[in-house]
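Got your viewer open and a hand on the mouse? Let's take a walk through this model, one selection at a time.

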Amino acid sequence: MDWFLERARSLGVEHRPPASLLRGRHLLALGVAPGPRVGEILREVYEQQLDGRVTTEEEAIEAARRLVTAP
């Protein structure tokens, strides 16, 4: 249990989850039309952020770009 609390403190998420690095405005700038797909991409990139695979806004935008252009 102590390791979990220490990890949460080190990530700054002891009291609430981290803010999403990616916003809807980023997706609109990538040409994604408003609608359910925006939420899907936001959730997917946020999961990548929580997993530590995305750590900056630039990485989040690039991850979204890959999702937008995926077949």
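First stop: about how many helical turns separate Glu-62 and Arg-65 in helix α4? Select both and look along the helix, which covers residues 57-69. The answer is about one turn, because the two are three residues apart in that helix. Show their side chains and you'll find a salt bridge, with N and O 2.9 Å apart. Glu-62 counts as partly exposed at 32% relative accessibility, and Arg-65 is partly exposed too, at 36%.

Before moving on, a word about what's on screen: this is a predicted model.

**Zoom out**

Switch to a cartoon view of the whole protein. You should see four helices and zero strands, so reading along the sequence gives the pattern α-α-α-α. Turn the protein around and picture a box about its C-alpha atoms: along the principal axes that box is roughly 45 × 20 × 20 Å. The radius of gyration is 14 Å, whereas a compact globule of 71 residues would come in near 11 Å.

Now try a surface view. About 5,300 Å² is exposed, and carbon and sulfur atoms supply 56% of that. As for the inside, 23% of the 71 residues count as buried. And how does the chain come together? Taking contacts between residues at least 6 apart in sequence, 50% of them join residues at least 24 apart.

**The start of the chain**

Keep the surface on and select Met-1, Trp-3, Phe-4 and Leu-5. Together they make a nonpolar patch on the surface, with about 520 Å² of accessible area between them. Go back to the cartoon and pick out Phe-4: this residue sits in helix α1, which runs over residues 2-11.

**Two more salt bridges**

How many salt bridges does the structure hold? Three, and you've already visited the one between Glu-62 and Arg-65.

For another, select Arg-37 and Glu-40. Their closest N and O atoms are 3.2 Å apart. Both residues belong to helix α3, and since they are three residues apart there, about one helical turn lies between them. Arg-37 is partly exposed, at 39% relative accessibility, and Glu-40 is partly exposed with 38%.

Next, select Asp-51 and Arg-53, whose side chains meet in a salt bridge at 3.2 Å, N to O. Are these two buried or exposed? Arg-53 has a relative accessible area of 52%, so it counts as exposed. Asp-51 is exposed as well, also at 52%.

**Into the interior: Gln-49**

Hide the surface and select Gln-49 in helix α3, which spans residues 36-50. This one counts as buried, because its relative accessibility is 13%, below the 20% cut-off.

What does Gln-49 touch, leaving aside neighbours within four places in sequence? Show Pro-18, Ala-19, Ser-20, Leu-21 and Val-54, and you have the contacts. Then zoom in on Leu-21: its backbone nitrogen lies 3.0 Å from a polar atom of the Gln-49 side chain.

While you're here, try the distance tool on the C-alpha atoms of Gln-49 and Ala-63. They are 14 residues apart along the chain and separated by 9.9 Å.

**Last stop: His-26**

Leu-21 leads us to one more residue. Select His-26, which lies in helix α2, residues 24-29. Not counting residues up to four places away in sequence, His-26 touches Leu-21, Glu-57 and Ile-61. Is His-26 buried or exposed? With a relative accessible area of 8%, His-26 is buried.

For a final picture, display Leu-21 with both of its partners from these last stops: Gln-49, which is in contact with it, and His-26, which touches it too.

Conventions. Residues numbered from 1 in each chain as written. Predicted model: local features only at pLDDT ≥ 70, side-chain atom pairs only at ≥ 80, totals over all residues. Heavy atoms only, no water. Buried < 20%, exposed > 50% of the residue type's maximum accessible area, 1.4 Å probe, protein only. Contact = heavy atoms within 4.5 Å. Polar contact = N/O pair within 3.5 Å; in protein donor to acceptor, adjacent residues only side chain to side chain. Salt bridge = Lys/Arg side-chain N within 4 Å of Asp/Glu carboxyl O. Patch = residues over 30% accessible without salt bridge, like charges linked within 9 Å, V, L, I, M, F, W, Y side chains within 5 Å. Areas by Shrake-Rupley, 256 points an atom, 1.4 Å probe, with all protein chains shown as cover. Rg over C-alpha atoms; globule rule 2.2 N^0.38 Å.
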